[in-house]
Amino acid sequence: MAPQQDLTRQMINDFMKSLAQFSDPRFRRVVLIGVGGAILTILALWGAIGFGLNSVTFFTDGGWLETVADWLLGVGLAVLVLLLFPSMTVLISSLLLDQVAEAVEDKHYPHLPHPRPQPFFEALINGLKFALTALLLNILILPLLITGPVYIVAFYAMNGYLLSREYFELVAARRYDVQTMTAFRKRRQMKLWIAGVGLTFLMTVPFVNLVAPIIATAFMVHYCIRLGAFQPDVAA
């Protein structure tokens with residue numbers, strides 16, 4: 001079997017194992033907290049904005065213009081909520097992805113050494129740095145929209161790198177220091193990037209993107225082990 005075909009088959013196998021573990025209570029807990037937290041946050045936002053809009057009169061004489069303005073603002077608020085809901089779900093569930101990695105390791109790789117304690121603020125700062133970097137780079141390539149296919153290639157290539165790095169570091173930081181983690185990533189960079197392109201596609205599928213961070217984390221645990229992570233000679 002050709003190396004590329006073998007890699008594809010292995011990635012599909014890792015992906016299927018990740019999906020199969022969704023019956024794990026820890027997986028379901030992260031999903032429920034993510035979706036539930038997003039709903040509560042959106043409802044609170046909707047209520048606050050709605051209250052503010054209802055207290056404002058745009059046309060002093062009222063009438064049909066005021067009705068139209070209220071209707072348009074209501075539609076705009078509903079669209080805003082729909083746009084924010086996936087992002088809010090992903091943001092909240094992303095704070096709990098370490099539990100997903102732990103669940104996968106407990107089930108499939110109980111022989112691994114105990115993970116190092118990672119301070120909450122270390123994880124938070126790393127997550128914010130990634131989010132800002134991804135936002136900035138995606139803004140920078142927006143002018144390529146006028147080129148059509150070039151933008152699509154740039155989008156998947158760039159985000160494939162960003163997501164592969166983000167989820168690899170999420171998993172690897174549980175046991176590696178920064179130097180070891182960076183050295184391993186650079187040696188496996190192409191294979192990680194290929195996986196990242198697949199994760200990017202997953203993040204763009206409606207509804208699936210709500211649980212995509214959980215799938216991506218579980219997948220990356222399997223994939224890192226397959227690439228030789230957490231072996232005694234990994235830093236060599």
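## A tour of pockets, cores and a cavity

Begin with the second largest pocket, which holds about 220 Å³ of space; bear in mind throughout that the model is a predicted one. To display its lining, select T8, M11, I12, F15, A195, G198, L199, F201, L202 and F219. Two elements, α1 and α8, each give two or more residues to this lining, and the largest share, five residues, comes from α8. Colouring the selection by residue class should give eight nonpolar and two polar residues, with no charged residue in the lining of this pocket.

Next, step back and show the whole chain as a cartoon. The protein has nine helices and zero strands, so that the view is to be read as an uninterrupted series of α elements from the N terminus on. Of its 236 residues, 34% count as buried. Among contacts with a separation of 6 or more, 78% are between residues 24 or more positions apart. If you switch on the accessible surface, its area comes to about 13,700 Å², and 72% of that belongs to carbon and sulfur atoms.

Now hide the surface and go to the largest nonpolar core, which has 36 residues; select F168, M220 and Y223, the residues with the most contacts inside this core. The elements that give two or more residues to this core are α1 (3-20), α2 (25-54), α4 (97-108), α6 (149-172), α7 (178-187), α8 (189-203) and α9 (212-226), and of these α9 gives the most, with nine residues. Which residues is M220 in contact with, leaving aside its neighbours within four places in sequence? Selecting S164, Y167, F168, V171, L192 and L199 will show them around M220. Apart from the largest core lies another, of six residues, and I141, Y151, F155 and L162 are among them.

The last stop is an enclosed space. The count comes to one cavity of 30 Å³ or more, and the largest cavity has a volume of about 50 Å³. Select Y161, S164, R165, R185, Q189, L192 and W193 to see its lining, to which α6 and α8 each supply at least two residues. By class, this lining has three nonpolar, two polar and two charged residues, whereas the lining of the second largest pocket has no charged residues. Keep S164 and L192 selected while you compare the views, since both line the largest cavity and both are in contact with M220.

Methods: Residues numbered from 1 in each chain as written. Predicted model: local features only at pLDDT ≥ 70, side-chain atom pairs only at ≥ 80, totals over all residues. Heavy atoms only, no water. Helix = DSSP H or I, 4+ residues; strand = E, 2+ residues; numbered from the N terminus. Buried < 20%, exposed > 50% of the residue type's maximum accessible area, 1.4 Å probe, protein only. Contact = heavy atoms within 4.5 Å. Areas by Shrake-Rupley, 256 points an atom, 1.4 Å probe, with all protein chains shown as cover. Core = buried A, V, L, I, M, F, W, Y, C linked by side-chain atoms within 4.5 Å. 1 Å grid on protein atoms, 1.4 Å probe; cavity = no way out; pocket = protein on both sides within 12 Å on 5 of 7 lines; lining within 4 Å. Points joined across faces, edges and corners; volume = space filled by probe spheres on them. Nonpolar A, V, L, I, M, F, W, Y, C, P; charged D, E, K, R; others polar.
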